[in-house]
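Welcome, and thanks for joining this tour. Please open your viewer, show the chain as a cartoon, and keep the selection tool at hand.

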Amino acid sequence: MPKTTQRGQIDSESWDDYRWHLANRIVSLDGLRGWIDVTEDEAKAIEACAGVYRWGITPYYAALMDPVDPECPVRRQAIPRMSEFEIRPGDDVDPVGDRQFRKTNRVVHKYPDRAILLVTRVCPVYCRHCTRKFHTTNLDGTYFGDGEALPYDEDVAYIAAHPEIRDVLLTGGDPLTYPDARLDHLLGLLRAIPHVEILRIGTRFPVLLPQRITSSFCQMLERHHPVWVSTHFNHPKELTSVAKAACDRLLRAGVPVQNQTVLLKGVNDDIDTMRALNTGLVRARVRPYYLYHCDNVTGVSHFQTSLQTGREIMRQLEWSTTGFAVPEYVITTTIGKVRVDGDHVTEDGTALRIRNAPGETLRLRLPDAAGTD
């Protein structure tokens, strides 16, 4: 049956083909008006993005947007708003230190036994809350030292020369914007390094364009086991039957799937939404892994809640649902991911005092550090 959307009828063959969605991404104000009633703020923000920020939305994800309500959680995540252009105290283009710990063009080695590989800066949808907004979305920004087209030789050589690295995470941008053959080659290079035990892929394609998770893609991943996938559902509305089917294909190929949610003001910062999201993930056999406190990223920090809001949501989750449906609440900094519990994170006037497991400390100013949303 044809798929009915705000733009009329799209035949099923096209709708089921992720390449069609990528070729028909919504990248203009006129194109967006074919899907929703664009507000004045959204229109103004899209115009302001010209020459500053990328934006784009797959038809699949656009079909999840409420055409009338601008507070729709999918719209909030995908469509620019003028609040992106507000600079707030403590804002930083790289508050987690990717550039500080970058060792080669793509390798970021921050933790002792694991490293990330920045595969690309391209995404199917440029999420407005992206931690790497400067890398992925800012037209003048990048964490690459020499560009994305540089061969992987130096990156692979660095990992091979550091036997302490046992876990490599492919991230970006979104690695699944690359074709299967290219990913297969890259995974093969990493799997050939004896001390690399685990390969992980960080991708939001199961959320933004689940059609990309094809059977052939899953079969390719099977050749490189153990491979894990970390994805990024932020709201129950994103847990569609198509998205759950994509996760099921990964699971049937022996690929564990875990979810990393970001706590976002106006999207999921209430207990009912967060409980529905995490219990829905468990029903889909996807493990709720992390709940990230939204970073103080330039152009993103308007999504931040107070730490008290996150802690209260966690308190209620721990009491009201299955233990393995409760993610670990963390804040990411230049001294690593730190659990938001006990004495790891404490308030210090208008800032937060953060202590990681080795005992390093950091004083971090956040807009909502005092606890007011």
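## Stop one: the end of a helix

Select E222 to begin: with a relative accessibility of 41%, E222 counts as partly exposed. Keep in mind as you look around that this is a predicted model. E222 belongs to helix α11. Now add A253 to the selection and draw a distance between the two C-alpha atoms: it comes to 6.2 Å, although E222 and A253 are 31 residues apart in sequence.

Next, select the whole of α11, residues 215–222. Which of its residues are buried? They are F217, C218, M220 and L221. Turn the view until you look down the axis of α11: the buried residues fall within an arc of 155°, so they line one face of the helix. To see what covers them, show α9 (180–191), β6 (198–202), β7 (227–231) and α12 (241–252), which are among the covering elements.

Stay in this area and pick P226, in the loop between α11 and β7. The peptide bond that joins H225 to P226 is cis, with omega about 0°.

## Stop two: the whole chain

Zoom out now and take in the full model. The protein chain has 14 helices and 14 strands. Its radius of gyration is 20 Å, close to the 21 Å that the globule rule gives for 373 residues, so the chain is as compact as a globular protein of that length. Along the principal axes, the C-alpha atoms fill a box of roughly 60 × 50 × 45 Å.

If you colour the chain by accessibility, buried residues make up 57% of the 373 residues. The exposed area is about 15200 Å², and carbon and sulfur atoms supply 50% of it. Colouring by charge picks out 45 positive and 49 negative side chains, and the centres of these two sets lie 2 Å apart. Contacts are worth a thought too: of those between residues at least 6 apart in sequence, 74% join residues at least 24 apart.

## Stop three: another helix with a buried side

Select α8, residues 153–160, and highlight its buried residues D155, V156, Y158 and I159. Around the axis they cover an arc of only 155°, which puts them on the same side of α8. Then show β3 (107–111), β4 (114–118), β5 (167–171) and α9: the buried residues of α8 pack against these elements.

From β5, move on to G173, which sits in the loop between β5 and α9. What is the form of the peptide bond from G172 to G173? This bond is cis, and its omega is near 15°. For context, most peptide bonds are trans.

## Stop four: a tyrosine in a loop

Now choose Y53, in the loop between α4 (40–49) and α5 (59–62). Is Y53 buried or exposed? Its relative accessibility is 9%, so Y53 counts as buried. Leaving aside residues up to four places away in sequence, Y53 touches E84, F85, R128, K133, T137, N138, L139, T298 and G299. For a sense of scale, add M220: the C-alpha atoms of Y53 and M220 are separated by 34 Å, and the two residues are 167 apart along the chain.

## Stop five: strands β9 and β10

Go to strand β9, residues 287–293, and select L291 within it. L291 is buried, with a relative accessible area of 0%. Show what it touches, not counting residues up to four places away in sequence: T261, V262, L263, M274, M314, P327, E328, Y329 and V330. A distance drawn from L291 to R166, C-alpha to C-alpha, gives 24 Å for residues 125 apart along the chain.

Select T332 next, in strand β10 (residues 328–333). T332 counts as buried, at 11% relative accessibility. Apart from residues up to four places away in sequence, T332 touches V96, K110, Y292, D295 and K337.

## Last stop: a positive phi

Finish at R285, in the loop between α13 (271–283) and β9. The phi of R285 is near 65°, a positive value in a residue other than glycine. Most residues other than glycine have a negative phi. At 48% relative accessibility, R285 counts as partly exposed, as does E222, where the tour began.

Conventions
Residues are numbered from 1 along each chain as its sequence is written. This is a predicted model: local features need pLDDT of at least 70, side-chain atom pairs count only at pLDDT 80 or more; totals for chains, interfaces and linings use all residues. Side-chain values use heavy atoms; hydrogens and water are left out. Helices (H or I, at least four residues) and strands (E, at least two) are DSSP runs, numbered from the N terminus. The radius of gyration is taken over C-alpha atoms; the globule rule is 2.2 Å times the number of residues to the power 0.38. Buried means under 20% relative accessible area, exposed over 50%, partly exposed in between (1.4 Å probe, protein chains only). Contact means heavy atoms within 4.5 Å. Accessible areas come from the Shrake-Rupley method with a 1.4 Å probe; for residues, only the protein chains shown count as cover. Lys and Arg count as positive and Asp and Glu as negative; His and the chain ends are not counted. The place of a charge is taken as NZ of Lys, CZ of Arg, CG of Asp or CD of Glu. The arc is that of the directions from the helix axis to the C-beta atoms.
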